[in-house]
Structures are given as structure tokens and as C-alpha cells.
Amino acid sequence: MITKQINNLGYRIQQQSLSNQTSVYRIDGMDCADCAQKLEKRVGSLPEVNQVTVNYGAAKMTVEHNGTAFQSIVQTVQQAGYTAMLDTGGARPTDELSFWRRNNKVLPTFLSGLLFAIAWGLSLGAFVEEIYSTVIYAAAIVIGGFRIARTGFYGLKSRTIGMDLLMTVAAVGAALIGQWEEGAAVVFLFSLGETLEAFTMDRTRKSIRGLMDLSPIEALVRRDGHESIMAIEDIRIGDTVIVKPGEKIAVDGVIISGTSSINQAPITGESIPVEKAVGDEVFAGTINQQGAIEVQVTKLSKDNTLSRIITMVEDAQAQKAPSQRFVDIFSKYYTPAVLIIAVGIAIIPPVFFAQPFQMWIYRSLMMLVVSCPCALVISTPVSIVSAIGNAARNGILIKGGAHLERLGAVSVVAFDKTGTLTAGMPQVTVIIALDGRTEDDVLSLAAGIESSSEHPVAEAIVRLAEQKGIRMKGISSFTSVTGRGVKATLEGEEYFIGSPKWFANELNVSMDGVNERINHLEQQGQTVMMMGTNEKLIAIFAVADEVRPNSKSTLEQLKKIGIKKTVMLTGDNRGTAQAVAAKLGGIEYYAELLPQDKVSSVKELMTNYGHVAMLGDGVNDAPALATATVGIAMGAAGTDTALETADVALMADDLSKLPYAIRLSRRALKIIKQNIAFSLLVKVVFLVMIFLGTSTLWMAVLADTGSSLIVIANGMRLLQKNKRLS
């Protein structure tokens, strides 16, 4: 009935197989962004394949197929000139062979270059007759061009015209008009350029492979009372992993025995080791420096923090930035236009103006070479891959090229206060018991109510009760009231803990005799919480949260790099906000904000100043983070929600990473613009030279491959930790 109805509406329905599955392949030898698009189209044309996505930056291909396409996918990739290996999602083995031994372009390039040099030397010194040097040139064309021609013609099967086909036509055309030397030069220079591009991209991708290598491939595991060495893919949740001093931790888990200092720099970018004890969380890829510890596994290897970071970085590198989308659209129209011009150059002058046929064919072949958009297409992704890889190694997760560009464009940074500008570990400083109760009595009741809350103030009250050994009272019917406080029932009576405004304005509880105390505490920069019933107040709690040691210096750094405005957004009262702002050097602040008020404040800042970055914990500030131009989560290591929701995640609770991230983004934007401008300039110059007759075929090839290499090398500068970014 469904099929019939859809057909009656004028559409066709195609039944999908219930056995559809998704496979991920690692592609070796894919060095051109334009070639990645061609490969995506070729694999996508297979009848067994429903959808395919090629991630050029990570050299990864994701294919949705009917379950029978494994062999045809691998074969199609091989025909395109690459190697495909199924990624099982476990530990990824590192390459055993060096690039020069495993890449299939190296040997043909070397032999082609050797033959070209021999033939050129023989013809230059007139040591042999021309026919012999011509034969050697022809051999250089065949050996170096066979792979290029095969890849080009296979592309035609999926109706794609790639650079390999254009170079094949140029080399064959040069030979047909007697320019054997030019044809051999075209093949050798193009093959050399491809090989060097592959080598430089291989180095760029090592920034991600380096992350993969952080985690060991096996660990010492205790299971059912027996100890054995296991591959990390075989380790299960609940197993105990024994980590000796100096070893890398292989899993995400919780310490159940021992204490040590852990170097978390590979994950969070923290330069100072962190002291860990029983109950503390540890991450795969971090280094146990001193004591022996035992870790209970909480996540499988494929789901641990390091694996998720790697996956997110690879996915981020596949996302197109606005400048890359511009390049894709430009090249989409640019290449066909130049091809049409090349055909016109070959036909119009000889046919209509009686010009020499061979000369204009030669210029037409040069146009085919110049039409290659490789340098232009690769100008953006290589910079994005490098910048995102650099950021990941420094504990900054940027989740896409678009976010990278937007971060570089921000002019205002808005901060949440608690846990961002402050340490997020508030301490109870004052307890005022009312209604004839004792301090221990109100603390016992408050801790019982707040034990079900995750708010930092609630945790401070519970922590104080535990430190004093006070038994928390059991409560029922706990409810959190967003932006106001909590309520719970004890022995049939309802109790409330929250802000003074909540008690005065909504609960209508009399504040007589306590307002002066509240104002005094708030003027000292302390957060005041009231506890009481519908009828009376029982206690006043004052809580203070210390400013992070590097918060003030971070704000100063942001000002130095050109951030126009920094703002603190907080739900705390004005007195507390003012006191914290004063410690930070007089930062502007908006106080007493509910979650929706923070969203309104961010929108107002965007209206007045343009691009705004919002920095928060990734959970409580989710609406404001989503509203801002760029949402940045603090301390995302081990926090699933923060990793998933934020555009940018600072893996450690380290504000000083923010100026570095903004500088890196701005530098990436600058290099992307340089690459695009340089690529277009080279095209324009050589188009002019072709029309003036001052260019040669080998010069055009050298310019094309040379510009691609220069663009890649320029983008790779983002892999380096520039001192000015620190």
C-alpha cells in the first residue's frame, strides 16, 4: 500500500536491503583532495554501495553497502591507484615500512626520472643518434605514465575527468607531435610532484597517527584472580589493569589501589603531572610516573577518551570550512571552463585563422596541464588538517574547519563564572543557624537535601558534612528548580534551599532580621543560600569560590591579541559577581542570570559586536554555548556531554589554552588565504604566458606540481608550535 501510494504521487521507491552495513577503510596513497572527490564518486557508482564519504584529511573512507561489496570496494580503490584496508575499530597498527618503501609511486617515479636523465644527457652531448634517445624517452613515458594513465581512464568509467587523465593526454599529445622530450618531462615531473605530495601529506597525517600511538596495544590484566597480558581490544569493563611506574595507561578507568602522579599532557595538554589516588579517574594514553596503581576499567578501548578524541579529530578534518566550500564551488566551474578554452585554442586558430596547427595543439596541451585545480583544492584542507592536529596535541579539540575559522574571527569572549573563571570548588565559609537550631543540625539537614544535587554549592555543603563526620538526614521527593534552588520532603514536611530572592519573591517567606546579614556576605563576594520551609527560615549558608590562578593573565592575553571585550556571565548575585570581577582586573559582568538570560546576553553581544565565543562547562551552559558563534567547553576530558556538545573543547581545566587556540585559528585563516591567493596567481600567470607563447609544457607541469607542494608546505607550518602562539 505504501509503495502504491508513493507511485501514485509520481515518485519511485527503491527497496533497501535489511542487511545494510557500514564499513570504514583506511586509504593509503591518497595525496590529492581533488582525487579524494573522484574516488568518492567511483566507489559511490558501485551498484552494491548506497552511500560513501571520503575523509581526505584522515585518509579514511566510510561506505554504506548491502554487505556484499567488500571485494568490489577494495578492487575499485586499487584501480584508482590506492590501497584500502578495512578498519575494524580496534588498535591501529603503525606502518612497519617507511613511506619510500610502501608507496607505489616511488619506484616508477625513480625509473622514469633515471631514463629521462639518461636520454637528456645522450641527446645533449649528441653521443647517439636521435632515434635512440627517443626510444629512451618513450620508455620513460611508459614506465612513469602507466599508473597515471590507468588511474585516469578508470576515472572515465565513473564519468570523472581527473588530473591523471589530463596529464596522460598531454604526454601522448606531446609524443604525437614529436615532442618526446617534453612528454617524458611531463610524466616525470608530474609523477615526482605526486610522490612528494604523498610524502608531505603522510607527514601531516602523522599528527593523528601520533595520537593513535599514545595508547599501548596490550596491558597486564587481572581477571578472575589470574593475571595475564591482553590486547586492549580484549579488555572488558570491570577488569583490573595493573600499571607499573613509567608505563602508559592502556584504558579509561578508576584507580582502586595505589597512588601516583599521572602525566596527562597527551590528553589534556597539562604540563604538570596530576596527583591521583583511589577513586580518581585516569585516561588511556596518559603516563604513570611514580607509584604502581591498579585501575578498574570503565570503558572499552573503542569508547575511551583517547579513541573518541581521535575519531572526533578525524571527523573534524573532514568537515569543510567556508573557505573550502568556496574553493569547491570555484573549481567546479573553473576546470570545465579551462577545458573548453583548451579545445578552442587547439581548433579555432588553425581552422579559422590559418595558424600553425602544431603550435596551437602544443599550447592547448599546456592549457590542459594548467587547468589542474590540485593546488587550489588542497589549499584549504591541508591547513585545516595541520591546525586541528596541532590543537589536538596541545589539549584543544576543534571539531571542524568551520569552527576553526569562526574561532579566529571572534571579537568577544563570554565566560561562565563557576568552574571556568573560578576553580569550581566552592567552600562553605559561614553557617548561620536560625529558629533555635544548632549548626550541626542544619548542616545535617542541608547535606541530606543537597546530596541529590550536582550543583557546586550543593557539593560544598555535602563535602563539609562529610569532613565533619556529620550524618546526613534521609529525604524524599527531591526536586531541582532551575535557576532557583532545590526542594525535598523530610518526615512529611517540605524544605527548600535556594537563593534569597526565591524565598522573598516566590516562596513569600519573611526575611525580617536577615537582610542585613545577607547583604554583608554578598558584598564580600560570597554566594548566599537560604534554607527553610514555606513558613520560616532555618539557616543561612555562605559559600565562596576562588578565582583560578591563571584567569587574570588569560584575560590580559586575550586583550593583547585583539579581543575587544571579555564578559563574565553568572547566576550569582551582583555582590559576588562584582567581587570576582574586581579580582580579575575589572572585567565586565552580568549577574543573577538564569540559563535563558545567558542566551539573551550572548545574542545581545552578537548583535553589538559580531562573532562571540562562549566558554562554559558544556552542560549547565549548553543553551548559551549553542547560541554563541563558537561554544567552548572547559575540562572536557572524561566529560561525555562536553565532548559531544561543544564546538571547541579544552581538555584540561586550563584557561591559558584559549589564547593559544584563538591565535592558532587566526594563523590558519591567514595561511588559507595565502594558499588560495597563491594558487590563483600561479594559474593567472601561466595562462598569460601560454597566450604570449613564453611557456613550455614541462614548465607548466613544474608550476602546477610546484605550487601544490608550496601550498602543502605552507599549510604544514601550522603543525609547528610557534612560540608566538604559546
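Here is a walk through the structure, one selection at a time.

**Whole chain**

Start with everything shown, and keep in mind that this is a predicted model. The chain has 726 residues, and 54% of them count as buried. If you switch on a cartoon view, there are 27 helices and 26 strands to look at. Contacts here often reach across the sequence: taking pairs at least 6 residues apart, 69% join residues at least 24 apart. Show the surface and you are looking at about 32700 Å² of accessible area, 56% of it belonging to carbon and sulfur atoms.

Now colour by pLDDT. The average over the chain is 82, and 88% of the residues score at least 70. Then pick out residues 91–95, where the pLDDT is below 50. That stretch still has 11 contacts in the model beyond its near neighbours in sequence.

**The largest core**

Next, select Phe415, Leu558, Ile632 and Ile662. These are the residues with the most contacts inside the largest nonpolar core, which has 43 residues. Add helix α26, residues 657–692, which gives the most to this core, with 9 residues. There is a second core to find, lying apart from that one: it has 35 residues, including Phe188, Ala346, Tyr362 and Met689. As background, nonpolar side chains tend to be buried together in soluble globular proteins.

Zoom in on Phe415 and ask: what is phenylalanine 415 in contact with, leaving aside neighbours within four places in sequence? Thr420 and Leu421 are among its partners. So are Leu555 and Leu558, along with the run Thr566, Val567, Met568 and Leu569. Met614, Leu615, Leu655 and Leu658 complete the list.

**Helix α15**

Select residues 401–409. Is this helix enclosed or open? Helix α15 is largely enclosed by the rest of the structure, because 7 of its 9 residues are buried. Those to highlight are Gly401, Ala402, His403, Leu404, Glu405, Leu407 and Gly408.

**Around Ala539**

Move to strand β21, residues 537–544, and click on alanine 539. With 0% relative accessibility, against a cut-off of under 20%, alanine 539 counts as buried. Leaving out neighbours within four places in sequence, its contacts are Ile432, Ala433, Leu434, Val442, Met529, Met530 and Met531.

Two distances are worth drawing from here, C-alpha to C-alpha. Glycine 436 is 103 residues from alanine 539 in sequence, but the gap in space is 9.9 Å. Threonine 438 is 101 residues away along the chain, and its C-alpha atom is separated from that of alanine 539 by 9.5 Å. Threonine 438 itself is in the loop between β16 (427–433) and α17 (439–450), and its 49% relative accessibility makes it partly exposed.

**Strand β9**

Go to residues 260–263 and select serine 261. Buried or exposed? Serine 261 counts as buried, at 3% relative accessibility. Show what serine 261 touches, again skipping residues up to four places away: Pro273, Val274 and Glu275 on one list, then Ile287, Asn288, Gln289 and Gln290.

**Last stop: a nonpolar patch**

Finish on the surface with Leu107, Phe110, Leu111, Leu114, Ile118 and Ile143, a nonpolar patch with about 530 Å² of accessible area together. Which helix supplies the largest share of the patch? Helix α5, residues 106–124, does, with 5 residues. It helps to recall that an α-helix has 3.6 residues a turn, so residues three or four places apart point the same way. Leucine 111 is in helix α5, and at 31% relative accessibility it counts as partly exposed.

Methods: Residues numbered from 1 in each chain as written. Predicted model: local features only at pLDDT ≥ 70, side-chain atom pairs only at ≥ 80, totals over all residues. Heavy atoms only, no water. Buried < 20%, exposed > 50% of the residue type's maximum accessible area, 1.4 Å probe, protein only. Helix = DSSP H or I, 4+ residues; strand = E, 2+ residues; numbered from the N terminus. pLDDT = per-residue confidence, 0-100. Contact = heavy atoms within 4.5 Å. Core = buried A, V, L, I, M, F, W, Y, C linked by side-chain atoms within 4.5 Å. Patch = residues over 30% accessible without salt bridge, like charges linked within 9 Å, V, L, I, M, F, W, Y side chains within 5 Å. Areas by Shrake-Rupley, 256 points an atom, 1.4 Å probe, with all protein chains shown as cover. Salt bridge = Lys/Arg side-chain N within 4 Å of Asp/Glu carboxyl O.
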